[in-house]
Amino acid sequence: MTSSVTQTWQRYRSVPIIYRIAAAFVLGSIVGLVVGEPATNLQPLGDLFVRLLKMVIVPIVVFTLIMAARNLSPKNLGKVGGQVILLYLFTTMIAIGIGLVVSNVIDPGVGLLLEDALKKSAVETKQSPGLGQVFLNIVPENPFGAMAEGNILSVIFFALAFGVGLTVVRDEAKEGSSVYNGVETIFDVVEAGAEVMFKVVWGVMEYGVIGVFALMAALFANTGVEAIFSLFKLFATLAIAIGIQISVVYLLFIISGLVGQSPMSFLRGSKDAMMTALSIRSSSGTLPVTMSNADENLGIDQEVYSFSLPLGATINMDGTAMYLGIAAIFTANVVGKSLTMAEQLSVLVTALIASIGTAGVPGASIVMMTVVFTQVGLPIQAIALVLGIDPLLDRMRTMNNVTGDLAVTTLVAKWNDAIDFSTGVWTGADTDSGGAVSSPTIDD
């Protein structure tokens, strides 16, 4: 009996985890549609998976960023950081523009009645922080409080400051002195901690097959087919815009044009992160998987991806910013208002700024809609229209965000000679060893 169970388990694990998660995604969706409301009882199993992923975010960010500082001088950090931030802003601006153009062509929202939709639910909005406050909040008053609250941007700032501080102290200390050895010991402990966290992430992703199944079953049990069909044009608009952003901006322009590599190789190397983002709709929650793909599949040096990916999970919200523009056009059509070119330009600028403060967690874009809607005089109550299917839309936005993070990271790595094109997916070989999350010592 024990031997039979062991063999079954081994056969199960011989299937790459990305395919197990994909199967769970499909089966969970079917169960949600067929079973209906009783499937919502599976929600806690899905919530547990998301909580487990969130559990490892802060330690992975701290360990990897400090490790990055060990090999990356402050001068190079400034160069890489500037390139990363400028590219993130550039791709976000392009994403908003694509969303507005596709929205004007498809005209989502035409035919819906605002009054009927608002009877179903109400929205309570919160005051969104201004741009100055967003940048001020980057610096934590209490770094340990920021870690406890999951304020990733503040954690990134502190981890970088601490890591660079360690590097400066080490460089100034005499080799072999107690200070020099002490700093090296801290770096060694951090490196060991990073390896431990990769092991933990591996276990979390094994449970992810159950978690993803539960999440999708609960999602479709709540929304049903009617909710999806009622806002199909909105869904189609976002899907088409994201398709253009990924295929044209990321794959053709960045990967093929600037990096000079095969877009299909990049997709093979990024598919684990893309599927995880689509499943859990959290850029921050997907971060461990994204980092693993950058390291194991794309051959990017840790000194680049350990900075660019945590930062991207927080500020690079191409899909979210794109959706803010689409939602504005959608709402304008619903209330019978035509946005002028000047107003749409205002939407572009406002969405770009608002996206910087959008955390990489599910549902945060709803708060940011208030900023854009107020800017162009749209009723904030109209946010209620998309609450029913927002979890589904959010999955697509998050997948776009994560793909953009990896594309920008790949380009910056090439510019800084920090990527190995003779390994991983770039060689044309299938590097999927069965683990969506792995380290050099982890095999599935």
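**Entry 1. Helix α10 and its end**

I began with helix α10, residues 232-259, and found a kink of about 35° centred on L251. I note here that the model is predicted. I then followed the chain past the helix: just after α10, G260 adopts a positive phi of about 80°.

**Entry 2. Positive phi outside glycine**

I next looked up residues other than glycine with a positive phi. Most residues other than glycine have a negative phi. I recorded D107, whose phi is near 55°. D107 sits in the loop between α4 and α5, and I list D107 as partly exposed because its relative accessibility is 31%, between the 20% and 50% limits.

I also recorded D417, which is not a glycine and has a positive phi of about 50°. I placed D417 in the segment after α18, a helix that spans residues 390-415. D417 has a relative accessibility of 71%, so I count D417 as exposed.

**Entry 3. P108**

I turned to P108, in the loop between α4 (74-106) and α5 (114-120). Is P108 buried or exposed? I found a relative accessible area of 0%, so P108 is buried. Leaving out residues up to four places away in sequence, I listed the contacts of P108 as S103, K233, L234, T237, I329, F330 and N333. For one of these contacts, I329, I looked up both separations from P108: 221 residues in sequence, and 7.3 Å in space from C-alpha to C-alpha.

**Entry 4. I17**

I looked up I17, which lies in helix α2, residues 17-35. I17 has a relative accessible area of 2% and is therefore buried. I found I17 and E206 to be 7.5 Å apart, C-alpha to C-alpha, with their positions 189 residues apart in sequence.

**Entry 5. The nonpolar core**

In soluble globular proteins, nonpolar side chains tend to be buried together. How many residues has the largest nonpolar core? I found 113, and those with the most contacts inside this core are F49, M205, L238, F266 and I300. Helix α9, residues 178-230, supplies the largest share of this core, 14 residues.

I then took L238 from that list and looked up what L238 touches. Beyond residues up to four places away in sequence, L238 touches M322, Y323, I326, L393, M396 and R397.

**Entry 6. Salt bridges**

Side chains of opposite charge can pair when their charged atoms come close. I searched the whole structure and found 4 salt bridges.

I looked first at R397, which I had met as a contact of L238. The side chain of R397 meets that of D394 in a salt bridge, at 3.1 Å from N to O. R397 and D394 both belong to helix α18 and stand 3 residues apart, about one turn of the helix. I found both R397 and D394 buried.

Which residues do shared salt-bridge partners join into one network? I noted R170, D171 and E184. R170 pairs with D171, the closest N and O atoms being 3.6 Å apart. D171 counts as exposed because its relative accessibility is 55%, whereas R170, at 13%, counts as buried.

R170 also forms a salt bridge with E184, with 3.3 Å between the closest N and O atoms. This pair links distant parts of the chain, with R170 in helix α8 (residues 152-172), E184 in helix α9, and their positions 14 residues apart. I found both R170 and E184 buried.

Terms used: Residues numbered from 1 in each chain as written. Predicted model: local features only at pLDDT ≥ 70, side-chain atom pairs only at ≥ 80, totals over all residues. Heavy atoms only, no water. Helix = DSSP H or I, 4+ residues; strand = E, 2+ residues; numbered from the N terminus. Buried < 20%, exposed > 50% of the residue type's maximum accessible area, 1.4 Å probe, protein only. Contact = heavy atoms within 4.5 Å. Core = buried A, V, L, I, M, F, W, Y, C linked by side-chain atoms within 4.5 Å. Bend = angle between axes of the 7 residues up to and from the residue.
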